[in-house]
Amino acid sequence: MVKIRDDLPRSADGCPDVEAWLSELGEGRRPLAVAVGLIEDAALLGHGLDVAHLLQQLEMDTDAVAAGLLYEAAHAGALSPAAVAERVGDGAAGLLEALLRVGRADAYELSDAPLLDNRYGSQVDNVRHLLASLIDDPRVAVIKLTERVVALRAAKSAPRETQQRVADEALRVFAPLAGRLGIGQLKWPLEDLAFRYLHPEDYRKVAASLDARREEREEQVRQAVAELCARLDKAGIEAQVVGRAKHLYSIWRKMRRKGIDFSEVYDVQAVRVVVQRVPECYATLGVVHTAWPHIPPEFDDYIANPKDNGYRSIHTAVVGPAGKVLEVQIRTAEMHKESELGVCAHWDYKDGEAESLRSRKMQWLAQLLEWHDDAQHPLDEAGGEADRIYVATPQGHVIDMAQGATPVDFAYRVHTEVGHRCIGARVDGVAVPLNTMLLTGQTVEVLTGAAEAPRREWLNRDAGFVKTARARSKIQAWLREQLAESNVRAGEGLLLDTFRRLDIAADLDALAKEAGYATREELLAAVGMGECHVIDLVRLVGARPRESEQLSLLPAQAKPACPVQGIRVLCHNRPGLLRDVSSVAAAMGIDVASVAAHAVEPGDEATISLEVRVQDVLQLALVIDRIRRVPSVQDVRRA
């Protein structure tokens, strides 16, 4: 069994026992003893030893362990890579230099422009890009992830704001990266610790639910393990069978995703079976399904169909002893080591491995560069790392994408040129809007035009045309190649049209400086290229004062009671139009104070007047934008 949860040896006073730790290291003791001697501050040494011990459990080499040990001291300015090179060696010093570069890729320090909070998603993408560009040795990523686990553990005594900042970054950036690399032993603590700081009430509820009947569940698992061991022994299958702890964050995610109660989470009670060979995995599956009734929807064969990160195992759920649902995972010892250590299980930095190592590095970097394309924000409704969907081309080629992907995303996944020329799509033979969410099992056909002409509207986040960063970056790259004047004109048109609809007056020169751009032309070009979103700029502009009210645009300030705002909708009359327009506000949770419509005959021009209660101009802009997308609507403006 692979295990990295061993505690760092400590003396009676609770301080790390350096000698006891070094005595466990064997041939790696001397350089690490020298590294320990370079750190004078006790707190920095304690942090470094925690990182180094965890890296040792991940079976990383001596240079990596030394770099992890020294990183916090170097980051604090108490140690230089040059000193490390002289005393410990060039290998550890090189890793330390790379770690210090990566350490500057902080999601909260990339920009000090007022739009930072509103462009947080793009800033996280910047972190991912920066990590990818700086990491020329895969070990750097593992050391950084390990250091983040230790930092999260240490944050338990930090101020609430610090806890949330560190946890938010861990859940958005580092936990998905650990998952992509298949390092479960880093992904799980990153998620659980971040969950504890970001959602303390939910964390306590899930933890309390687990503790409430812990003894009863543990007894049921013991019975299941004993019965399964006896059945496997009778079948002549040698195996290790152990109870498996379920991670709190994964329980909470499943509850939110499926809208279920704690009692309905199937895999709270679980056992893991580890055998020696693949045929024994399937033989064990037969024994399990013979012993207890299985639940068909809860079966996954990741041996036949491994996950993107290489994870292999069989998962099944059965109605076990006492009629309780039990999850069973079945895998070989090699698969189990891979599931715990991920890519670390295959990295060997000893002599004679230079060419093999280079090949593995290049493969890993390619995976990392593709990973950011489909990553979603783990605090979105679905939570956690993006689930995958599998859709087919008309020729039968299966393509996997992030959940929520659209035909536009599909087009760019097939080929950049296909995306640029996309003008429509058919799903299972039926024409669909380009912002349709695709589902597993569908066949998607992209309709293309003669010329490349990506639509700027695709970059509107609220319109839902683009889910993946891959498609977004390709569209933005194409727009950047256009003449600067055309991007400026397009950006000015988009921005001023939105402000006219909202009846907002704005000084574009002042707005550019507020948003962090040197000139209005730079701001307008960024809008035209989709790098700056109009809806974000709305936050920075004050609404024109009216007699007795003025909308507040600063989210951090206390908002006034929801003021009533008028909206005027021009459209072609058709049956159900008033219902469709009103339902947009209802879907956004916006109260409609009054509604009036005037039309003569179906097909004639109609006018709908709405009075809605909104929180601020941002919410007003969003509801106007969504009403504009209702079929038959021609124009929407603030009345």
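Let me begin with Lys-144, which at 8% relative accessibility counts as buried, because the cut-off for that word is a relative accessible area under 20%. This lysine lies in helix 8, which covers residues 138-154, and, leaving aside residues up to four places away in sequence, Lys-144 touches Tyr-71, Leu-99, Val-102, Gly-103 and Phe-174. I should say at once that what we are looking at is a predicted model, so please hear each of these values as computed from that model.

On confidence, the chain averages a pLDDT of 78, and 80% of the residues score at least 70. Two stretches deserve caution when you look at the structure. Over residues 372-386 the pLDDT is below 50, although the model gives this stretch 48 contacts beyond near neighbours in sequence. Residues 349-354 also stay under 50, and for them the model has seven contacts beyond four places in sequence.

Now to the sheet. Five strands form an open sheet, with mixed pairing, and their order across it is 1-2-5-4-3. Which strands stand at the edges? They are strand 1, residues 240-243, and strand 3, residues 300-301; each has a single partner strand, so one side of each is left without a neighbour in the sheet. As a reminder, strands of a sheet pair through backbone hydrogen bonds, and they do so either parallel or antiparallel. Strand 2, residues 270-275, and strand 5, residues 325-332, run parallel and are joined by six bridges. If you would like one position to look for on the screen, take Ala-270, whose bridge partner in strand 5 is Glu-327. Packed on this sheet is helix 12, residues 214-234, which touches strand 1, strand 2 and strand 5, and whose direction makes about 170° with that of strand 1.

Let me turn, finally, to the aromatic residues. A pair of aromatic rings is described by the distance of the centres and the angle of the planes. The structure holds five aromatic pairs, and one of them is formed by Tyr-302 and Tyr-311, with 5.9 Å centre to centre and 65° between the planes, which makes the pair edge-to-face. Are these two tyrosines buried or exposed? Tyr-302 counts as buried at 19% relative accessibility, and Tyr-311 is likewise buried, with a relative accessible area of 16%; the value for Tyr-302 falls under the 20% cut-off. Elsewhere, ring pairs link Phe-195, Tyr-203, Tyr-249 and Trp-252 into a cluster.

Technical notes: Residues numbered from 1 in each chain as written. Predicted model: local features only at pLDDT ≥ 70, side-chain atom pairs only at ≥ 80, totals over all residues. Heavy atoms only, no water. Helix = DSSP H or I, 4+ residues; strand = E, 2+ residues; numbered from the N terminus. Buried < 20%, exposed > 50% of the residue type's maximum accessible area, 1.4 Å probe, protein only. Contact = heavy atoms within 4.5 Å. Phe/Tyr/Trp six-rings, centres within 6.5 Å; stacked < 30°, edge-to-face > 60°. Pairing = 2+ DSSP bridges. Axes fitted to C-alpha atoms, helices over the stretch in contact; angles between N-to-C directions. pLDDT = per-residue confidence, 0-100.
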